[in-house]
Amino acid sequence: MKPVYLGIDASTQSMSGIVIDCENSAVLASENINFERDLPSYGTKAGVCSSPENPLEIYSYPLMWLDALDMLLQKIAEKININEISAISGSGQQHASVWLNSSKAFSSLSPSKSLANNIKPYLSREKSPVWMDASTAAECMEMAKFAGGDPEVMQRTGSVMTERFSGAQIRKISKREPRIYDGTRRIHLNSSFLCSIFSASDSPIDFCDGAGMNLMNIKDCSWDQKMLSACAQELDKKLPSLASPNTVVGNVGEYFSKKYGFNGNAKVVIFTGDNPSSLVGLGASAENTAAISLGTSDTYFCSIKNFSPIENAHIFRNPAGAYMGLACFRNGSLARDKFRQLMNVDWKFFDETAFENYAPLCDGKFILPFFIDEISPKISSNGPRYVGLSPKDSKETQIRTFIEGQAFNIYLQARRFGETPKKIILTGGASKSQGIAQTFADVFNSEIYGLKASQNSAALGAAIRAASCDFPIDSLAAKFCPLIHLKSPRPEAAKVYSEKLETFSGFLH
Ligand code: XUL
């Protein structure tokens, strides 16, 4: 078979697929199905619904994901010869759980029906709680108490009890919908569910995505019996096994060979979570590397050698070995946009003009850049806090101080992972700003790189992981994730920031 590989990413808003050709270092196809636009009958907004009774309850539909998968494969089959694909892997939004009344749901998918119609009779719950759900505060407290407190949970699982993580979600359903819980024989994650579909088998959960459940012992990568007992009765019987991210689960099932022309010998490499997959797809799974995605919320993730769990951030496993750290910041692009509007300037002024000819000074001026409650660190806020400057200062000063505040906060959280990255990959809309990129270079005192071409990092990471059954991940990352150098740190600015950072840190407590 040719060295052609398919990566699927099932994200919150859409399902994407990328086909790569490792012989010619080329992307052969890149397709996407948007849940809200292309599958309007499910009535989601950006791929999710919120419960009318409780706005903290956010869910999606596994059948919608399956309909999207059929549509996506149809599109890809129109573009390339699917028979040439020699392996498949995938990634999915982390934490979402899929509830089934049998572990045999995947073994006999009929090509004469859609995937959704095949699986419908096997769902014990039509909804899947997703990562945006924040309705499980009570269950988090109960589980932490049972397990001996949050520090203990963090040592065991890599994170304190977290509302969106699958453990608290499973406990909530077991308490509030006991009949459904009892009738459930298998609880998959989004990633292992889709891997099961492709491989026509009951796929294991990979260690990297398993780490997002508060149920897996992060050090030995087995189900943590104490956490399972804290969660719900007889849970060990309902969970699939756990397996390494290098596992080849099997060959692609008959449904896909008969319906879309896949080669029956094509391998299925275990699927993982979208964040571990992005780490690979950005070329950031190598040592001493970190990525900062400046998106709706900002995310910092990095590969780390040693296990050093910290509150308000998470330790998962890294598909390339050892660990990955992840911290999410709620005050990302939306906060930048709000501050821009407050300053009444356009993006060009905000991103570029405000930073022209600027050399930072130890001027005692700070802004705590939180419009809404922040999770990293946990801070209640309903607007930015000014220290040492006032709304009368120039717009340039205020904008720079705001961006410095965001960079300081991300740096201070990142520093707690205990390993300093030598290389940072900056992605997302705001990474295009020269001023913002320079600020991050100076605050992190690190070289900053960007992506040469915009790409869906999670889907690309999945394709690279599929190809990793034939080639080393490092060589694939070098081929498919070309970077451009954006900024170097300026020594004087880095020195000023290293002092300002410590003062800023004092305001966070
Ligand atoms: C990570 C998290 C999100 C989802 C998005 O913990 O909740 O990044 O994985 O798909």
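In which sense do strand β17 and strand β23 pair, and over how many bridges? In this predicted model, residues are numbered from 1 along each chain as its sequence is written, local features need pLDDT of at least 70 and side-chain atom pairs count only at pLDDT 80 or more, while totals for chains, interfaces and linings use all residues. Side-chain values use heavy atoms, with hydrogens and water left out.

Strand β17 (residues 289-294) and strand β23 (residues 423-427) run parallel to each other and share five bridges. Strands here are DSSP runs of E with at least two residues, numbered from the N terminus, and two of them pair if DSSP finds at least two bridges between them. Within this pairing, Ala291 has Ile425 of β23 as its bridge partner, and Ile292 is matched with Leu426 of β23. Strand β23 also pairs in the parallel sense with strand β24 (residues 447-451), over three bridges; there, Ile425 stands opposite Tyr449 of β24. Four of the five residues of β23 are buried (under 20% relative accessible area, 1.4 Å probe, protein chains only), so this strand is largely enclosed by the rest of the structure.

These strands belong to an open sheet of seven, ordered β19-β20-β18-β17-β23-β24-β25, with mixed pairing. At the edges stand β19 (314-317) and β25 (483-487); each has a single partner strand, so one side of each is left without a neighbour in the sheet. From one strand to the next, the twist averages 30 degrees, taken between lines fitted to C-alpha atoms, with angles running from 0 to 180 degrees between N-to-C directions.

Turning to the ligand, the residues around it are Thr12, Gln93, Gln94, His95, Trp131, Arg164, Asp274 and Asn275, each with a heavy atom within 4 Å of the ligand. This shell divides into one nonpolar, five polar and two charged residues, where Trp counts as nonpolar, Asp and Arg as charged, and the others of the shell as polar. Polar contacts (pairs of N or O atoms within 3.5 Å) reach the ligand from several side chains. A ligand oxygen lies 2.4 Å from an N or O atom in the side chain of Asp274, one lies 2.7 Å from such an atom of His95, and one lies 3.0 Å from such an atom of Asn275. The protein covers 92% of the 290 Å² of accessible area that the ligand has on its own, as computed by the Shrake-Rupley method with a 1.4 Å probe.

Key:
Polar contact = N/O pair within 3.5 Å; in protein donor to acceptor, adjacent residues only side chain to side chain. Buried < 20%, exposed > 50% of the residue type's maximum accessible area, 1.4 Å probe, protein only.
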